[in-house]
Every structure is written in structure tokens, then in C-alpha cells.
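Okay, everyone, let's get started. Have the model up on your screens and follow along with me as I walk through it.

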Amino acid sequence: MNGELWKQSLEKLAPAIRAGKISPVAITEACLDRIEKVDGKLDSFIHVSRHALDTARTAEREIKAGKWRGALHGIPVGVKDNYLTRDMPTTAGSTAPNLSFPLRDSAAAARLRAAGAVLIGKTRTHEFAWGNVTPPVCNPWDLTRVPSGSSGGSGAAVAAGLCVAALGSDTGGSIRMPAAACGTVGLKATFGRVSRDGIVPHSWSLDHAGPLTRTVADTALMMQVLAGYDAVDPACQAQPVPDYARALGKPVAGLKIGVCRNHFFENLQEDVESAVEKAVADLAAAGAQVIELKIPLLEYGLGAIFAIELSSSTAYHDASLLAGRVPRYQPDVRTLVEMGRLVTGPDYLKAEQYRSALMEEYRKVFESVDVVIGPTTPITAWKRGEWTVQVAGKPESVLAASWRFTYPYNLTGLPAISVPCGFDRDGLPIGLQIAGRPFDESTVLRLAHAYERAHEWKDRWPQL
Amino acid sequence: MIDPAKIDPYVEMFGLDLPPERLQEVLAAYGDILVEIRKLRTLDLTDVHPAIVFEPTAPYRKTP
């Protein structure tokens, strides 16, 4: 295998490691060396594991002994700092005093370990996975810009080759937004597909787990390990887990692609709109049937997700509110946690009624299409410290703009992926979002893979 | 905008024990969100069951 090891995809590394052509120790050393060299600029890791090389040596011995555990065996994977881990501290991005989280493995970390992955470190999260900036992490494509969030550490680390893949969590877009901003693939699986046991809760009914990777095939390999029933997570469903790799490599011809013209194509930056329209045209030229549609109910979604997210987060932090710890949170998170008290019970339940209505609308949409596509975010990565951006000639807060296109899939729980679809005039990545039917990650991956293969976006690397 | 003077009697009910200046900041920040929640309130969803299902068997769930 030629070139720098840290640039290799999981899809290429796995067979090479299995065949003994690449050592898990070598790839782990390459990632640790990369962290040493460039993470001073990015600050994407809050903790680097002391055990990573030992785990890699164990993997190497096992593989040499013919005990290959699968595609993740010996592969360095970053873990977002809101997933509990037994051998690395968890902070959930908070420096507030008198907060501690247990040293035990979350379900996802346990699955990765059982698959032989090398948990190389904890990637930074916006405090309690609440925000979209992830300080102090920098975007590898432009260090003056944010990686988005809240899985901003995972996005930056994967984009820069500091680990082969990483875990993220997504309550309103926190896997897909940093994936779009950093030029990686990010999949929010269906609600109930991946166990959230051991993820510090943000909003119980909106929180999703999933991977960030550099390619769609790598996401499929990560999902093969992460997906599956876990009785400990009340949301987890005992749905059969397909062989995700079998979905890849198939043509798009015959797929029906929905393009929702309201909401998802309103108020977006010109370069984002152009890139996504070009992606739609490319898919049509490749034989997909493009069906334009509208979902008017989306107009009411922002109030619904705020009502659920704010009240849930405040309920989770109630003990900290009573103990007076919340004023020690970061100012933006403090405000959000305090204001959750203002959401009334009827508003919360109205939001949950709205979710049912929106899910029904999507069910009808999926009677005539296989996927719904559009931009992941209306904007590309914004400058650090900037709280307002120009969108379609008008100022808009980044908090409002960044998650406008992602949160509908947290409300509906549908699987949604972000795959790179170009760069704006400043050289910043743009994401294409593809959503599918419940538990139909395979079709989402199929289309994302077909699009990715027909373009060269994944072959570009940030200069660091 | 929310007038803090009008909301004072409700603050204790909300359990939001904040100094007056801080309360004003939180209310101001909540203003934009309340606009969206008020829009949601205009929907007639009388016949729609909320997306919450109480599951009395939950404590008995086991991993197969």
C-alpha cells in the first residue's frame, strides 16, 4: 500500500491488516504521530489513550494467530467525549466543578472494543453536546473557522487523518453538521438502530449515535459493528441488521429520489445551493428518477425541536440547576439549560404530537420515493467567534441556520447521512444530505456511495 | 419580547431562581424561540397521538 498510512481508508486498511501487509501497530503509530504533529493546530482530541499501542500490539498478535475479528480489528477509532469509556475519562466537554462520569464502556465503545478496534482517544464535543461550535477545535480546511458541532472534534480529527473513523452523537444535526463542515461522511442512523447506552444524555428522544468516516464504505463497515439491539437502551429496536456492504457498488438507476423544495432549499448560501443542485442533476443523469415534492408541515419544526430539546436537557441537568452548578457551564449552554424551564408541559406534548404528524407526512413521501436529498446545512463553516452569518443576503444567527436542514430527521428519527458534494469559493466543504425510510440505512448508503464514486471530493485533503 | 415585570409572579412556579438581570437575559434569549413555539401552538393536532408510547414491559426487556 502506497502513500501515508494515515490517509488510508478503513475499506483499504482492513484487508491489508488481515493479510498481514499492514500492522495495526504501524497504523496506530501513524495516527498517534499525526496527532502529535497537527493536533496542536486543531485541538480535536481532549484525551489520547495511553493504551492505544498496547491494544494495537494485541490486535497484531491475534491476527498473526489467525484470530482476525473483522474489518475494525486493529483500526484506530476516535470516541466522542460524551461516550463513556472504561480506560479514558469522560467530560462531555464540561469543565464545571463536581461533575464526574463513570469509567465504564458505553455500548458503542464496547462493540468497537469487541470488534478489535483501537480506541485511540476522546474527541472534543461542544459542552454536553449542546452547541454547534465545539471550542476550541479548529476546522482543518481553515483554522480560523469552526468545525461545527457538537461532534466537532470527531469531524476535524477524521478530516485531518488523526484517526480512521470516529463516533459522533446527533440530537439536532451534531454528526451531520460537522461532517459537512469538515468534508467527511457522517451518518445518523435510525433512532433505535445504535444503542445510546453510556452516552451522556442530551435529549433522550432526539439523541442518535453514529459514525464519522472519510468514505461511505467506511461508514458501512462501522455501522456493521455499531448496529444492533441493546435492551439497556429503551429506544433500541430488535430489527435485523443487514450486510451494509452489500448495498454498496450498486447503480443509482431505478432509485426514486425526492427533492423537498420547501424548507430545504430556502435561504441557503449560493455556493451550497449550486453544489447541491449539481449533485441532484448528476444523480438524474446517472439514471435516478428525481421527484420534486413539498412537506408544508416542516414550517413548524423549529418550535417543536426547541420545545423537546430544551425541556429534556433541562430535566437532565435539573440536579445541577438545584446544586448551583449550571452557572459554571459555558455561557451559551448555561442559557439554554436555564431557559428550558420556560417550556411548558403542553408545549412539550404539542411538539411530540407534531412529531407524529411529521412522521406520517414522511411516511406518505416514502410511498413514492426511496430517499429524500438536499443540502446538509445552508452554510459552510463560519469564522470562530462569529455568531451571525449572511445567508441569501440576510443576516441569520449561526445557531438558527446551521441545523435548519438536519433537525427534521431528529424529529422523525429517520436515517440521514452527509456526504461531501463540493467546495465553496473559499475552499470550504459542502455536504449533501440523504435521508431514508426507518431502518433503511442500506438505501441511504447505496445512494451516498454511488454519488461518492462518481466524484473526487473524498480524494482532497486539507493542508495542515 | 417577554416583559420580565409581567412574568415575575410565574418565575417561582418555573423554578427559575435567577437574579433579575440574569432572568432578563434568559427571557430575551428565549424570545426568538417562543415565536417558533407560538407558531407550533397554532396547529390543530387534537386527533394526533404524541410520539410518546408508555411501555409497561420496558423493565422486562432483555438482550436476546
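Before anything else, a word on how I name things: helices (H or I, at least four residues) and strands (E, at least two) are DSSP runs, numbered from the N terminus. With that in hand, look at Gly116(A), just after H4(A): this glycine takes a positive phi of about 90°.

Some housekeeping. This is a predicted model, where local features need pLDDT of at least 70 and side-chain atom pairs count only at pLDDT 80 or more, while totals for chains, interfaces and linings use all residues. Residues are numbered from 1 along each chain as its sequence is written, chains are lettered from A and ligands numbered from 1 in the order in which they are written, and side-chain values use heavy atoms, with hydrogens and water left out.

So, chain A overall. Chain A carries 15 helices and 13 strands. Its C-alpha trace spans about 60 × 60 × 45 Å along the principal axes. For 464 residues, a compact globule would have a radius of gyration near 23 Å, and chain A comes in at 20 Å, which agrees. That radius is taken over C-alpha atoms, and the globule rule is 2.2 Å times the number of residues to the power 0.38.

How much of chain A is buried? Of the 464 residues, 66%. Buried here means under 20% relative accessible area, exposed means over 50%, and partly exposed is in between, with a 1.4 Å probe and protein chains only. Contacts, meaning heavy atoms within 4.5 Å, tell you about the fold too: among those in chain A with a separation of 6 or more, 77% are between residues 24 or more positions apart.

Chain B is the other one to look at. Chain B has two helices and zero strands, and 31% of its 64 residues count as buried. As for surface, chain B exposes about 4800 Å², with carbon and sulfur atoms supplying 58% of it. For chain A the accessible surface comes to about 15800 Å², and 51% of that belongs to carbon and sulfur. Those areas come from the Shrake-Rupley method with a 1.4 Å probe; for residues, only the protein chains shown count as cover.

Back to H4(A), which covers residues 107-114. Its buried residues are Ala107(A), Ala108(A), Ala109(A), Leu112(A) and Arg113(A). Yes, there's an arginine in that list. What do they pack against? Strands E2 (76-80), E3 (118-123) and E4 (165-170), plus helix H7 (216-226), of chain A.

Next, zoom in on strand E5 of chain A, residues 185-188. In a regular strand the side chains alternate between the two faces of the sheet. In E5(A) both faces are covered: Val185(A) and Leu187(A) are buried on one side, Gly186(A) and Lys188(A) on the other. E5(A) pairs antiparallel with E6(A), residues 208-213, over two bridges, and Gly186(A) has Leu212(A) as its bridge partner there. Two strands pair, by the way, if DSSP finds at least two bridges between them. E5(A) also runs antiparallel to E12(A), residues 416-423, with three bridges joining them; Lys188(A) stands opposite Ala416(A) in that strand.

Right beside this in the contact list is Ala179(A), in helix H6, residues 176-182. Leaving out residues up to four places away in sequence, Ala179(A) touches Thr184(A), Val185(A), Gly186(A), Leu212(A) and Ser418(A). Ala179(A) counts as buried because its relative accessibility is 0%. Its C-alpha sits 5.5 Å from that of Gly155(A), 24 residues apart along the chain.

There's also a hairpin to find. E10(A), residues 388-391, and E11(A), residues 394-397, pair antiparallel over four bridges, with Val389(A) opposite Glu396(A). Two residues lie between the strands, and Ala392(A) in the turn has a positive phi of about 50°.

Last, some backbone spots to check. Asp43(A) has a positive phi of about 60° although it is not a glycine; this residue lies in the loop between H2 (24-42) and E1 (45-48) of chain A. Is Asp43(A) buried or partly exposed? Partly exposed, because its relative accessible area is 27%. Ala92(A), another non-glycine, has a positive phi of about 55°, in the loop between E2 and H4 of chain A, and is buried at 0%. And there are cis peptide bonds, with omega about 5°, joining Pro135(A) to Pro136(A) and Gly149(A) to Ser150(A).
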